[in-house]
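Subject: Structure handover

Hello,

Here is the structure I said I would pass on. My notes follow below it.

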2 protein chains.
Amino acid sequence: MSIGTKVFKPAASAQAPDMGGLAAILGANGMSGHAESRAGGRVSGFPAAGAVFAFERNQAIFSDGDPVRSFYKVTSGSVRLCKLFADGRRQIAGFCFPGEYFGLAWQGSEYALTAEAMSETTVVRFPQHCLADLDRSSAGFRSHLVSLLCGELSLAQNHLLMLGRQTVKERVATFLLMMLDRRGQDRRDSVMLDLHMGRQDIADYLGLTIETVCRTISDLKRAGILGVPGPREILVKNIRLLQATANGEA
Amino acid sequence: MSIGTKVFKPAASAQAPDMGGLAAILGANGMSGHAESRAGGRVSGFPAAGAVFAFERNQAIFSDGDPVRSFYKVTSGSVRLCKLFADGRRQIAGFCFPGEYFGLAWQGSEYALTAEAMSETTVVRFPQHCLADLDRSSAGFRSHLVSLLCGELSLAQNHLLMLGRQTVKERVATFLLMMLDRRGQDRRDSVMLDLHMGRQDIADYLGLTIETVCRTISDLKRAGILGVPGPREILVKNIRLLQATANGEA
DNA sequence: CGGTTAATTGAAATATATCAACCGGTGTGG
DNA sequence: CCACACCGGTTGATATATTTCAATTAACCG
């Protein structure tokens, strides 16, 4: 159903430490990520250093069941957070793009999700104790973290509704609009959207097959709603119709 | 696709205040509920009083979009947390049973989910400021809350996997096992499971139709895995096979 | 410019939804 | 106490959406 992830060695190359990246951990913009997950924006600064690591496309950053020792920030590239079945079935719970954090799965001692690079990706890794320290010391920190988690949860609930009750057209249109918003792009016509991911990733996020995603995008293209200049790019030609499609008015 | 919820007036009858119910808010057992949501177990006590309210079957306790003013504890009956489309489609994100809390959607100012009684239900309502107060004063409180939210999130992610990538049989079997665990019931044969909900609620949790749920339960019955003594009861006759079914080994 | 990978399209198979009838308990009124 | 109506659950037949399998085309890379 889905492509087995090639598991490369985490032969990531350590680089110069990244100072102050954590300053932004409390984005609290409620827009992004996943619990186990991402967080954009910036908030109360705090001192921290992390090592830079590089990952190749499809390389695992951490896996479901690994002990939690660190959390991460994407500096370039993109990351998917997913669950895998032994037989290869895969469900993507969310994506992380540059500036976003992931791996905040600290409640337990093990990650509950797998994080994989979707393209050549660099991340900054922070030791878990940074979070714990901050949690103890900063007054506003934890409440930011809480609202962040609430935001994640809300996103997950919308994703549930999508997988459980939306049609294929609604899902694909909703996905595209979501990606537009994520980039902070205007909801105008003729906006170019870089997906930064292949069809399989879209399919695994939407709970569909790659062929169904293709066909649906082609349908939208034929309807004049989209253009597809390249495999990972979408030109939004009629956002009004795209929104109508997302709302089942098509 | 799903039954429109009859919206009764919240003509709930206020009763004697419930003291100390909040003592248990930090169950932190990580087993239950939904962010917007439930929390069982018990932890650091703290003083709080709430009024008791009663709701009839299918009556809304709060709705998606309502301003957040309170959170709740189920004292009897059961509650579903769901998202609704204008056309009647419904996705249930989770259930709450006696002892569990819900409505902890405090990050925003509006509920992101609708809470409805699934049967005659009584709840204790606490003003939102109780949470805020606790959050400020209690050292361990917020961290409990955080781990609770992480647990909710993890549950939601498993639910995503279920809706996106599991077959119907896997979903139904997984659901039944989940309900067993929820009751703290042993995973033994010949355990009687009270569902406390109708087929439509199961269907809306699993992203299926009521007929498909029926047929699948009948299949499991025919396979000797279950007995169905009453519409809302399941007799688990062969838990081993039920687990195998949940894991796709059938 | 070949060779490899990803994307697209087509045709057939299949799972699930839809539509419709039937069943069984429960409660009410005669 | 029985008859009937009501509601939820079950089953059957058919329609349909989506997957699966297979082939083709397009993009990417050395």
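Two strands count as paired if DSSP finds at least two bridges between them. Helices (H or I, at least four residues) and strands (E, at least two) are DSSP runs, numbered from the N terminus.

Before the findings, the conventions. This is a predicted model, where local features need pLDDT of at least 70, side-chain atom pairs count only at pLDDT 80 or more, and totals for chains, interfaces and linings use all residues. Residues are numbered from 1 along each chain as its sequence is written, chains are lettered from A and ligands numbered from 1 in the order in which they are written, and side-chain values use heavy atoms, with hydrogens and water left out.

The sheet in chain A

Three strands of chain A make an open, antiparallel sheet in the order β10-β12-β11. Its edges are β10 (191-194) and β11 (226-230) of chain A, each of which pairs on one side only. From one strand to the next the twist averages 25°; axes are lines fitted to C-alpha atoms, for helices over the stretch in contact, and angles run from 0 to 180 degrees between N-to-C directions. β10(A) and β12(A) are joined in the antiparallel sense by 4 bridges, and L193(A) has I234(A) of β12(A) as its bridge partner.

Two helices lie across these strands. α3(A) crosses β10, β11 and β12 of chain A, at about 95° to β10(A). α5(A) crosses β11 and β12 of chain A, at about 120° to β11(A).

Helix α6 of chain A

Of the 8 residues in α6(A) (239-246), 6 are buried, meaning under 20% relative accessible area (exposed is over 50%, partly exposed in between; 1.4 Å probe, protein chains only). They are I239(A), L242(A), Q243(A), A244(A), T245(A) and A246(A). These buried residues pack against α3 (168-182), α5 and β12 (233-236) of chain A, where contact means heavy atoms within 4.5 Å. At the N-terminal end N238(A) acts as the cap, with a side-chain oxygen 3.2 Å from the backbone nitrogen of R240(A). Just after the helix, G248(A) has a positive phi of about 75°.

The DNA strands

A residue is near a strand if one of its heavy atoms lies within 4 Å of it. A polar contact is a pair of N or O atoms within 3.5 Å; within protein, one must be able to donate a hydrogen and the other to accept it, and residues adjacent in sequence count only if both atoms are side-chain atoms.

There are 14 residues around DNA strand C, and R199(A), R215(A), S218(A), T212(B) and R215(B) come nearest. Of the strand C atoms within 4 Å of the protein, 62% belong to sugar or phosphate. A polar side-chain atom of S218(A) is 2.3 Å from a phosphate oxygen of strand C, and one of T212(B) is likewise 2.3 Å from a phosphate oxygen. E211(B) instead reaches a base nitrogen, at 3.0 Å. The largest share of this surface, 4 residues, comes from α5(A).

Around DNA strand D there are 15 residues, the closest being T212(A), R215(A), R199(B), R215(B) and S218(B). Sugar and phosphate make up 61% of the strand D atoms within 4 Å of the protein. On the bases, a polar side-chain atom of R215(A) lies 2.8 Å from an oxygen, and a side-chain N or O atom of R215(B) lies 2.8 Å from a nitrogen. R199(B) has a side-chain N or O atom 2.6 Å from a phosphate oxygen of strand D. Here α5(B) gives the largest share of the surface, 4 residues.

Regards
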